[in-house]
Amino acid sequence: MYYSDDEWVKLISTLIVNPVLPRNFTVDPSLLKNPEFKKLYDYLMDMRSLSSALSRGDLQHFVYGKGFILSNLKALQSNLRHLTWQTKKVADGDFSQRVDFLGEFSDAFNEMTVKLHDLTMRLTQLANMDTLTKIPNRRALEAFLVDSFKNAVGNKKPFSIIIFDIDFFKSTNDTYGHDAGDAVLVQVSGRLNRQFRAHDIFSRYGGDEFMAVLPGTSLRAAEKIAERARASVEEAEIPLNANDSIKVTVSAGISERLENDIRYEDVIKKSDRALYVAKKTGRNRVCCG
Amino acid sequence: MRRYEFNWDLIGDIDLGRPNLGKEVDLELYRLMQFTLRDVIEQTYSTEEADRLFREAGKVAGKVFYEKYINPVSSVEEFVSKTQKVLKEKKLGILRVEEAMLEQGKILLTVDEDLDCSGLPELDYETCIYDEGFISSLFEGFTKSEWDAREIDCWCTGARTCRFQVTERAKA
Ligand SMILES: [Zn+2]
């Protein structure tokens with residue numbers, strides 16, 4: 001079959017331009033035997049199928065032809081696929097993802113991940129903080145206990161726990177009121193907190209109880225720290241308002257992990273017993289379990 | 001007794017040895033080395049054998065590279081992000097993930113500005129055979145099981161992009 005120049009132009013333009021190929025569209029089979037034509041024909045068909053897949057949002061359509069237009073379409077496809085993967089990572093909480101290949105979209109995406117990161121950090125901080133005393137709460141404490149205890153067992157490192165309790169807190173509360181009680185909690189926790197290092201945790205354990213966990217610290221060293229902390233409270237004047245202040249004291253129980261303590265709860269129990277002894281034997285003192 | 005079994009000592013102390021010229025070398029000359037070696041191996045053996053040897057060499061490189069620059073990593077996320085970071089820092093290429101189904105043993109990667117083939121004319125065959133070995137070894141290092149990497153597509157759009165299908169042999 002012979003194609004006139006006009007028919008050629010019509011054929012190629014149909015392949016490139018027509019949204020849908022005409023129902024009766026055929027190409028002369030003998031023409032397809034010409035390798036150069038076959039190449040062009042395949043190229044145009046790949047272009048049609050890939051661009052149409054992309055316009056539908058189908059990112060699974062792969063073609064293997066090369067050349068200017070197909071390569072550009074493939075680059076777009078690959079970008080969108082990579083972006084899909086990155087978005088999944090973000091959904092999994094990986095906010096370090098950044099995009100640098102999609103113009104304005106990159107800026108928007110990056111702004112989103114930065115904001116998500118900041119927001120998550122803020123929320124995590126809030127979720128782990130005691131609202132009154134602004135020190136770590138029980139939830140943060142438990143997470144810390146799990147990790148640090150495992151670490152101490154694995155590396156055969158010392159591990160100590162101090163529990164502090166404010167002496168006669170209930171009567172302070174009853175005598176001066178809840179606001180005064182709150183002021184005492186804030187002041188006392190602030191003073192105790194200063195005695196600990198960045199890799200310890202000092203947290204609100206319950207009502208007027210505070211717990212410090214000291215990884216890598218032996219009982220003897222922990223005792224010194226607890227004693228210093230106790231003394232720092234004893235010597236302080238706690239202001240309740242513009243005119244009044246009171247003095248309070250704390251008792252503390254300490255213990256360290258021994259060979260047969262297989263859970264951190266075992267260490268807490270010993271510290272708790274030591275605290276009980278401190279209370280029984282006159283308060284304002286540190287006892288070791 | 002082997003003379004050339006690879007270890008990093010063979011490469012020597014580059015900082016000490018090139019106080020004036022430094023670590024960098026013209027990429028053209030790196031490729032000159034690769035392509036002439038390939039030429040000679042093909043002439044001596046065959047095209048298939050040249051490809052096989054290049055892939056094997058890439059595998060050895062990926063193995064020692066993983067140990068030196070990627071290990072230790074504790075999660076897939078860390079493995080991917082660390083690999084991306086190191087490959088970019090070392091100017092080997094820009095690695096991106098299109099699909100990662102590690103459990104099913106199927107990964108689709110692209111590498112932009114690849115060390116071995118960026119800027120090459122568009123060929124009818126995929127040429128990054130050394131990279132195939134290299135990439136499969138990175139996954140072997142991380143998972144401790146056998147992987148194959150195949151360059152399934154390679155296209156020029158300014159920065160040449162290579163697309164690699166990486167599959168776990170046991171799950172292929
Ligand atoms: Zn390539």
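Chain B has five helices and four strands in this predicted model. Reading from the N terminus, the order of its elements is α-α-α-α-β-β-α-β-β. The radius of gyration of chain B is 16 Å, close to the 16 Å that the globule rule gives for 172 residues, so chain B is as compact as a globular protein of that length. If you draw a box around its C-alpha atoms along the principal axes, the box comes to roughly 45 × 40 × 40 Å.

A few more numbers on chain B before we zoom in. Of its 172 residues, 40% are buried. Take the contacts with a separation of 6 or more: in chain B, 54% of them are between residues 24 or more positions apart. The surface that chain B exposes is about 10200 Å², with 55% supplied by carbon and sulfur atoms. As for charge, chain B carries 24 positive and 35 negative charges, and the mean positions of the two sets are 4 Å apart.

Now to the metal, which I suspect is what many of you came for. Which residues of chain B coordinate the zinc ion? The sulfur donors are the SG atoms of Cys117(B), Cys128(B), Cys154(B) and Cys162(B), and an OE atom of Glu151(B) is also a donor, with distances of 2.0 to 2.7 Å. Written as a spacing pattern, the donor residues read C-x10-C-x22-E-x2-C-x7-C. Cys117(B) sits in the loop between β2 (106-112) and α5 (129-143), while Cys154(B) belongs to strand β3 (residues 147-157), so this pair ties together parts of chain B that are 37 residues apart in sequence. Are these two cysteines, Cys117(B) and Cys154(B), buried or exposed? Both of them are buried.

Two backbone details in chain B are worth finding on the screen. One is a cis peptide bond between Asn71(B) and Pro72(B), where omega is about 0 degrees. Pro72(B) is in the loop between α3 (47-70) and α4 (76-89). The other is Lys144(B), a residue other than glycine with a positive phi, near 65 degrees. You will find Lys144(B) in the loop between α5 and β3. Its relative accessible area is 63%, so Lys144(B) counts as exposed.

Let's move over to chain A. Here we have ten helices and seven strands. The radius of gyration of chain A is 36 Å, well over the 19 Å that the globule rule gives for 289 residues, so chain A is more spread out than a compact globule. Along the principal axes, its C-alpha trace spans about 115 × 50 × 25 Å. One pair of residues gives you a feel for that: Met112(A) and Val277(A) are 165 residues apart along the chain, and their C-alpha atoms are separated by 54 Å. Met112(A) is part of helix α5 (residues 103-127), and with a relative accessible area of 37% it is partly exposed.

What share of the residues of chain A count as buried? That would be 43% of the 289 residues. Among the contacts in chain A with a separation of 6 or more, 58% come from residues 24 or more positions apart. The accessible surface of chain A is about 16600 Å², and 55% of that belongs to carbon and sulfur atoms. Chain A has 40 positive and 38 negative side chains, with the centres of the two sets 4 Å apart.

Let me finish with one neighbourhood in chain A. Phe168(A) is in the loop between β1 (159-166) and α7 (169-176). Its phi is positive, about 55 degrees, although Phe168(A) is not a glycine. Now look at Asp208(A), in the loop between β2 (201-206) and β3 (209-215). Is Asp208(A) buried or exposed? Buried is the cut-off for anything under 20% relative accessible area, and Asp208(A) comes in at 16%, so it counts as buried.

So which residues does Asp208(A) contact, leaving aside its neighbours within four places in sequence? They are Phe164(A), Asp165(A), Ile166(A), Phe169(A) and Leu185(A). With Phe164(A), the C-alpha separation is 8.3 Å, for two residues that are 44 residues apart along the chain.

That's my tour, and I'm happy to take questions.

Technical notes: Residues are numbered from 1 along each chain as its sequence is written. Chains are lettered from A and ligands numbered from 1 in the order in which they are written. This is a predicted model: local features need pLDDT of at least 70, side-chain atom pairs count only at pLDDT 80 or more; totals for chains, interfaces and linings use all residues. Side-chain values use heavy atoms; hydrogens and water are left out. Helices (H or I, at least four residues) and strands (E, at least two) are DSSP runs, numbered from the N terminus. Buried means under 20% relative accessible area, exposed over 50%, partly exposed in between (1.4 Å probe, protein chains only). Contact means heavy atoms within 4.5 Å. Donors are N, O and S atoms within 2.8 Å of the metal (3.2 Å for Na, K and Ca); water is not among the atoms, so sites may look incomplete. The radius of gyration is taken over C-alpha atoms; the globule rule is 2.2 Å times the number of residues to the power 0.38. Accessible areas come from the Shrake-Rupley method with a 1.4 Å probe; for residues, only the protein chains shown count as cover. Lys and Arg count as positive and Asp and Glu as negative; His and the chain ends are not counted. The place of a charge is taken as NZ of Lys, CZ of Arg, CG of Asp or CD of Glu.
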